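Dear colleague,

I am passing on the structure we spoke about, with some notes on what turned up when I went through it. Please have it open beside this message as you read.

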Amino acid sequence: MKQIIAIITLLLGTLSAMAQMSTIPTPPAEGVVNAHGGCIIRVDSLYYWYGENRPYQGFTTEVGVSVYTSRDLQHWQDGGVALSVSEEAGSPIERGCIMERPKVVYCPKTGKYVMLFHLELKGRGYEAAQVGFAESDTPTGPFRFIRALRPNADKWPKDFTKKDIKKALEQRPDDYKDWWTPEWRTAIKKGMFVARDLKGGQMSRDMTVYVDQDGTAYHITSSEDNLTIHINELTPDFLSFTGRYVRVAPGGQNEAPTIFRHNGTYWMICSGCTGWAPNAARLFSAKSIWGPWKQHPNPCRGDGADKTFGGQGTYILTLSPVEAARLEISDSPYPTHIFMADIWNPKHLSHSGHLWVPITFENGMPVLRF
Ligand code: DGJ
């Protein structure tokens with residue numbers, strides 16, 4: 001396979017100089033793909049790159065979700081705002097909320113494009129931990145906001161037995177004043193926070209969406225106070241949860257889930273939880289989306305491997321052999337998977353960079369080489 005390492009760092013050379021000029025608070029956006037925590041889909045011969053439109057300063061969402069288009073994955077045109085914040089006071093997506101990690105999928109059942117995103121309500125930090133749903137007739141939008149909620153209220157994980165439920169209900173957060181003790185970890189694994197959040201729904205922060213070969217869509221998210229990944233099945237219209245879900249690596253503190261399937265195995269690459277700072281990637285595999293999931297060593301190799309080369313994953317873009325050949329990315333007879341990551345710049349989130357690394361296989365295991 002002809003390998004390429006496509007590294008797109010879109011930080012402007014002039015940025016630091018301009019940032020010092022107090023009369024110009026925001027540098028020009030030319031050359032910046034202001035689409036972070038995003039994803040790419042292909043519709044006919046066009047690629048659509050969705051992501052967080054972030055302000056130059058601050059952490060809240062003032063614009064919404066951006067979309068860019070390209071024919072070759074290299075030259076991108078600004079397609080404007082796919083989903084706008086609302087100007088209506090009290091709307092869940094009121095300007096000043098936080099929209100993160102938008103993922104768009106086409107729903108064959110309804111013929112609509114559906115966007116799921118992590119939503120935090122205005123003025124409430126990261127405590128709401130909800131999932132937003134929006135849909136559109138066209139990939140460029142405008143997407144219509146439909147609802148936001150926490151997944152799976154009143155539902156236990158699908159593999160929990162009556163005994164497991166009893167054990168989870170016996171764990172009381174008030175009994176654990178200190179976090180991170182061995183006893184507290186055991187209680188988390190038993191489902192203490194699943195039980196805590198049962199009525200209002202399970203927390204959902206960093207997230208992705210995956211559509212399996214049979215057309216079933218799954219929302220994969222960092223839940224339980226960022227301690228445990230949940231894989232939540234979506235209804236056929238992709239606009240609600242069926243209530244079927246499993247937990248992955250309980251208490252493992254995984255964020256930024258990304259997923260792909262290769263030769264019948266599901267591979268998930270997550271990050272650890274260190275805010276905007278990069279950390280080592282975590283790799284998991286399973287033969288069924290419902291698990292059991294097994295953890296493997298960090299898949300990154302080379303300089304910066306212990307910090308995912310400065311990035312945090314957001315999506316794995318899979319190209320068919322025909323697409324990869326047309327784009328002169330690969331002549332492999334197998335699909336090409338590209339790990340897309342954000343190089344966060346918390347001082348100026350709009351100007352966070354992008355890092356794309358092809359995933360290769362060595363001894364049957366996925367490898368990311370810088
Ligand atoms: C890390 C997450 O992966 C990002 O999406 C964002 O939520 C930051 N934390 C906020 O600190």
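Below I describe the surroundings of the ligand and then one asparagine in a loop.

Please bear in mind that this is a predicted model, and that the distances given here are computed from it.

The ligand occupies a space that ranks as the second largest pocket, and the residues around the ligand are Glu-100, Arg-101, Tyr-126, Asp-206, Glu-255, Gly-275, Trp-276 and Gln-312. By character, this shell divides into 4 charged, 2 polar and 2 nonpolar residues.

Three of these residues have side chains with a polar atom lying a short listed distance from a ligand oxygen: for Asp-206, an N or O atom of the side chain is 2.5 Å from an oxygen atom of the ligand, for Arg-101 the distance from a polar side-chain atom to a ligand oxygen is 2.9 Å, and for Gln-312 a side-chain N or O atom is found 3.0 Å from an oxygen atom of the ligand. As for how much of the ligand is covered, the protein takes up 88% of the 290 Å² of accessible area that the ligand has on its own.

The other point concerns Asn-152, which is placed in the loop between strand E8 (144–149) and helix H2 (162–170). Asn-152 counts as buried because its relative accessibility is 5%, where the cut-off for buried is under 20%. The side chain of Asn-152 is also joined to the side chain of Asn-232 by a polar contact of 3.0 Å.

With best regards

How values were computed: Residues numbered from 1 in each chain as written. Predicted model: local features only at pLDDT ≥ 70, side-chain atom pairs only at ≥ 80, totals over all residues. Heavy atoms only, no water. Near = heavy atom within 4 Å. Polar contact = N/O pair within 3.5 Å; in protein donor to acceptor, adjacent residues only side chain to side chain. Areas by Shrake-Rupley, 256 points an atom, 1.4 Å probe, with all protein chains shown as cover. 1 Å grid on protein atoms, 1.4 Å probe; cavity = no way out; pocket = protein on both sides within 12 Å on 5 of 7 lines; lining within 4 Å. Sits in = over half its atoms within 2 Å of the grid points. Nonpolar A, V, L, I, M, F, W, Y, C, P; charged D, E, K, R; others polar. Helix = DSSP H or I, 4+ residues; strand = E, 2+ residues; numbered from the N terminus. Buried < 20%, exposed > 50% of the residue type's maximum accessible area, 1.4 Å probe, protein only.
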